[in-house]
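The exercises below are meant to be worked with the sequence and the three-dimensional model side by side. Try each task before reading the solution that follows.

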Amino acid sequence: MKKKSLLTILLVVIVAAVAWFGWSSTHQTTATKLTTVTIGYQKADPVDISRARGELAKKMKAKGYKVVFKEFQDGTALTTALKSGDIDYARVGDVPPVTAQANGLDFVYVAAGSDKVQGSGIEVKKTSGITSLADLKGKTIAYTKGTSSQYMLIQALKKAGLSTSDVKMVSMDQATAAVAFAKGTVDAWASWDPYTATAEVNNDATLLVDDTGLAKNRDFLISTETYASKNKDISKLLTKYLGEDMTWANNHKSQLTTMLMKMLKLKKSIVTKMVDRRTYSFGSVTDSILKEQQSIADVFYQQKVVSKKVDVTKATVK
């Protein structure tokens, strides 16, 4: 009887061990089957909001993908990383894709966000005496080359009947421009949120004009043509889940504000201003959006910002 009991116990232990080993192997195999998808972003952009919220990564994991997020300082760094294969997707503004295409980067538009016209524009001090675009003649204006601020500034000057030669345009990164504007080294500053909101709250500044009628300053998700053509399902999922996160952002402004305050390390009054004047979205790239991008490409070619004429429609998934 004792021998039978021992044999029974031994069999139970063996069966349990085999079951555990099978369960463990199955789960390890499942984990190794996850396909890594790497997305590049900039601080506090829509992808960063999705990263911080965490839902996109969970949903992608359920579909068999492990999402890795990598932060970059600007659009140029993002397109460079995309070209080198360091990332699979990049969240950029509207100008970097145009300059990247002109420079020969084989990329495609995957998804597009809503415009940011109310938080982007030309900032001036309330005491500057500058009250119209025409007053910018002869003034020094800060902007950042290769960004939406460059296109917006060109369009604003054109609207006022001025050209780039009628003002002194000084290209500098936005952080440096913020200091120059605060010190009065420059008379005006072409910028976007959170920089514009910060200047308005901290430096007694105001938007001389916002981007309405000048540019859309959209967010885009781009990838290389090679990657995107082979991974259409991934692109569809990312577009869908980013869109869902942006809907959450619109419906939870208080939570979003708290999230962005932590990301940007800015006070509530600044973040509230930028959140209140923006509507978030992410969806398909429509023909009308491609026309917006073509306008940027045409203006940049005319202004000799880029040396190659670009056909934006070629940067779409076939």
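**Exercise 1. Two residues with positive phi**

Does Lys-265 count as buried or exposed, and at what relative accessibility? Then compare the setting of Lys-265 with that of Asn-217.

Solution. The model is a predicted one, in which local features need pLDDT of at least 70 and side-chain atom pairs count only at pLDDT 80 or more, while totals for chains, interfaces and linings use all residues. Residues are numbered from 1 along each chain as its sequence is written, and side-chain values use heavy atoms, with hydrogens and water left out.

Step 1. Lys-265 counts as exposed, at 72% relative accessibility, where buried means under 20% relative accessible area, exposed over 50%, and partly exposed in between, with a 1.4 Å probe and protein chains only.

Step 2. Lys-265 is placed in the loop between helix H11 (253–264) and helix H12 (268–276); helices (H or I, at least four residues) and strands (E, at least two) are DSSP runs, numbered from the N terminus. The phi of Lys-265 is positive, near 55°, in a residue other than glycine.

Step 3. Asn-217, which is not a glycine either, has a positive phi of about 55°, and it is found in the loop between S9 and strand S10 (220–224). Asn-217 counts as buried, at 4% relative accessibility.

**Exercise 2. The surroundings of helix H7**

Which residues of helix H7 (residues 174–183) are buried, and what lies at the ends of the helix?

Solution. Step 1. The buried residues of H7 are Gln-174, Ala-177, Ala-180 and Phe-181. Seen down the axis of H7, these buried residues fall within an arc of 115°, so they line one face of the helix; the arc is that of the directions from the helix axis to the C-beta atoms.

Step 2. The elements against which the buried residues of H7 pack include strand S5 (121–125), helix H6 (148–159), strand S8 (188–191) and helix H8 (195–202).

Step 3. At the N-terminal end, H7 is capped by Asp-173, of which a side-chain oxygen lies 3.1 Å from the backbone nitrogen of Ala-175. H7 is followed by Gly-184, with a positive phi near 85°.

Step 4. Gln-174 also leads to strand S8, in which Ser-191 lies, since the side chains of Ser-191 and Gln-174 are joined by a polar contact of 2.5 Å. A polar contact is a pair of N or O atoms within 3.5 Å; within protein, one must be able to donate a hydrogen and the other to accept it, and residues adjacent in sequence count only if both atoms are side-chain atoms.

Step 5. Ser-191 is buried, with a relative accessible area of 1%, and its C-alpha atom is separated by 7.1 Å from that of Glu-123, 68 residues apart along the chain. In the loop between S8 and H8 lies Pro-194, and the peptide bond from Asp-193 to Pro-194 is cis, with omega near 10°.

**Exercise 3. Helix H5 and its crossing with H13**

How many residues of H5 are buried, and at what angle do the axes of H5 and H13 cross?

Solution. Step 1. In H5, 8 of the 8 residues are buried, so the helix is largely enclosed by the rest of the structure. They pack against helix H4 (75–84), S3, strand S4 (107–113), H6, S10 and H13.

Step 2. The axes of helix H5 (residues 95–102) and helix H13 (residues 287–302) come within 10 Å and cross at roughly 60°; axes are lines fitted to C-alpha atoms, for helices over the stretch in contact, and angles run from 0 to 180 degrees between N-to-C directions. H5 and H13 are therefore oblique to each other, given that angles under 35 degrees count as roughly parallel, over 145 as roughly antiparallel, 65 to 115 as roughly perpendicular and the rest as oblique.

Step 3. Val-95, Pro-97, Val-98 and Thr-99 of H5 make the contact with Gln-293, Ile-296, Ala-297 and Phe-300 of H13, contact meaning heavy atoms within 4.5 Å.

Step 4. Just after H5, Gly-104 takes a positive phi of about 95°.
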